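Q: Could you take a close look at one part of this model for me? I'd like to hear how its residues sit and what they touch.

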Amino acid sequence: MDFDKLAAPLVQVYEEVTDQILENIARHFNTGKGLPTIDWQMRKLAEMGQLRQENIRIIARKTRQNPELIRIALENAAGQALKHAEPELKEAVRRGYLHDGGPLEASKGVERVFTSYQRQAEDTANLVNTVMLDSGMQSYRRVVSDVVQYEQAAMAVTQADAAQNILNTETAKVLTGVSSRQEALRRAIKRMADNGLTGFVDRGGHNWQPESYINMDIRSTCGNVATEAVFARNEDYGNDLFWVTVKSTARPLCYPWQGKVISRNDRSGYVEDLDGNRVEIIPISSTSYGEPAGLYGINCGHVPPNVFTPGFTKIRGEVPDRAENDRRYAESQEQRGIERKIRYAKREIAMLEAAGLDATKAKEKLKRAQAEMRAFINRTGRTRRSDREQIGG
């Protein structure tokens with residue numbers, strides 16, 4: 001199941017919200033450049049109320065369809081998972097291996113799964129909206145503070161007439177530039193572009209950018225819905241066994257369980273497959289299930305599970321060599337990193353231009369990142385995903 005596609009509409013919303021908020025913040029620094037430092041500072045701080053309202057409107061406009069987008073994503077996740085499970089379960093009933101689970105649309109277990117995760121996803125999106133708005137205002141205040149401190153430092157050095165002492169300092173770069181205000185703004189906005197906005201702070205204190213957190217959350221929620229819907233429907237038929245799909249790029253904690261038969265009810269023992277082969281049943285508590293990076297955890301690619309009916313099911317797929325699996329997985333993560341470099345360089349360009357500042361260095365950074373991507377694709381033979389390199393200004 002392609003969770004990237006399921007999450008893509010929500011991720012695009014938050015990429016566009018982030019880019020538009022950051023560009024809107026940068027645009028507020030395209031005025032008042034000739035004012036004395038203290039007057040400029042007071043004017044920028046006075047604009048905070050207006051800026052907050054503008055950013056609220058951006059968030060409200062771009063996220064008003066969130067409930068519908070979430071519903072569609074989760075319905076597709078559950079639908080695709082059950083599309084594979086339901087026919088096999090019904091056929092097993094017809095052949096006498098299972099008892100009838102009743103109509104799918106009447107399944108209370110599947111309904112509970114969907115309702116619970118839909119509410120959870122909507123609450124998460126609302127939380128991200130709030131944190132993102134506050135983060136934008138903090139970023140704005142930080143730029144104002146950085147510029148004032150930078151100008152004051154430059155002025156202090158000038159007044160001290162210590163030319164020989166500043167030749168190797170950052171302040172010297174300002175004094176030899178077009179103006180201290182422009183250089184200070186450029187540096188502060190670059191820092192803001194690099195940091196982006198915060199959409200969520202986890203228990204470890206790590207700041208997640210809005211689009212990154214929404215991507216992780218929606219992908220994981222879709223995975224949970226698909227997994228739990230299959231478990232619930234399997235239970236309707238009186239079955240608790242499933243087997244794990246085989247992938248070419250499994251994560252380290254998922255790799256050992258590929259092609260294995262697992263009991264949702266945590267039982268062990270042996271059963272026979274379609275061909276009469278003896279197959280071990282592994283208790284789910286013995287796997288990495290329940291760990292964030294484990295089986296069916298955050299962004300797990302093994303969703304949905306496949307139902308396993310003793311005597312009726314045949315496990316398909318050959319588990320790849322561990323070294324080859326790890327190599328492909330590492331390449332996929334490397335590509336995601338280069339894609340982020342390209343997007344962030346494009347964001348920096350857009351922000352600098354919105355502030356009326358020179359974006360030459362940012363454009364050079366973009367060219368380097370794009371060249372890195374071309375070299376990576378040539379080296380690995382992977383498919384380039386240009387859609388993941390775009391920003392939503």
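A: Here's a walk along one helix, followed by a quick stop at another for comparison of topics. Keep in mind that this is a predicted model.

Let's start with helix 9, which covers residues 322–354. Two of its residues are worth a visit: tyrosine 329 and glutamine 335.

Glutamine 335 is buried, and its relative accessible area comes out at just 1%; the cut-off for calling a residue buried is under 20%. Who's packed around it? Setting aside residues up to four places away in sequence, glutamine 335 touches Met373, Phe376 and Ile377, along with Arg382, Thr383, Arg384 and Arg385.

Tyrosine 329, also placed in helix 9, is partly exposed, with a relative accessible area of 24%. That value lands in between the limits, under 20% for buried and over 50% for exposed, so "partly exposed" is the label. Once neighbours within four places in sequence are left out, tyrosine 329 has contacts with Thr249, Ala250, Arg251 and Pro252. If you want a long-range yardstick, take glutamine 118: tyrosine 329 and glutamine 118 are 211 residues apart in sequence, and their C-alpha atoms are 30 Å apart in space.

Now for helix 2, residues 37–46, where the buried residues are Thr37, Trp40 and Lys44. Looking down the axis of helix 2, you'd find those buried residues within an arc of 65 degrees, so they line one face of the helix. An α-helix has 3.6 residues a turn, so residues three or four places apart point the same way. Over on the other side of helix 2, Ile38, Met42 and Ala46 are exposed.

Methods:
Residues are numbered from 1 along each chain as its sequence is written. This is a predicted model: local features need pLDDT of at least 70, side-chain atom pairs count only at pLDDT 80 or more; totals for chains, interfaces and linings use all residues. Side-chain values use heavy atoms; hydrogens and water are left out. Buried means under 20% relative accessible area, exposed over 50%, partly exposed in between (1.4 Å probe, protein chains only). Helices (H or I, at least four residues) and strands (E, at least two) are DSSP runs, numbered from the N terminus. The arc is that of the directions from the helix axis to the C-beta atoms. Contact means heavy atoms within 4.5 Å.
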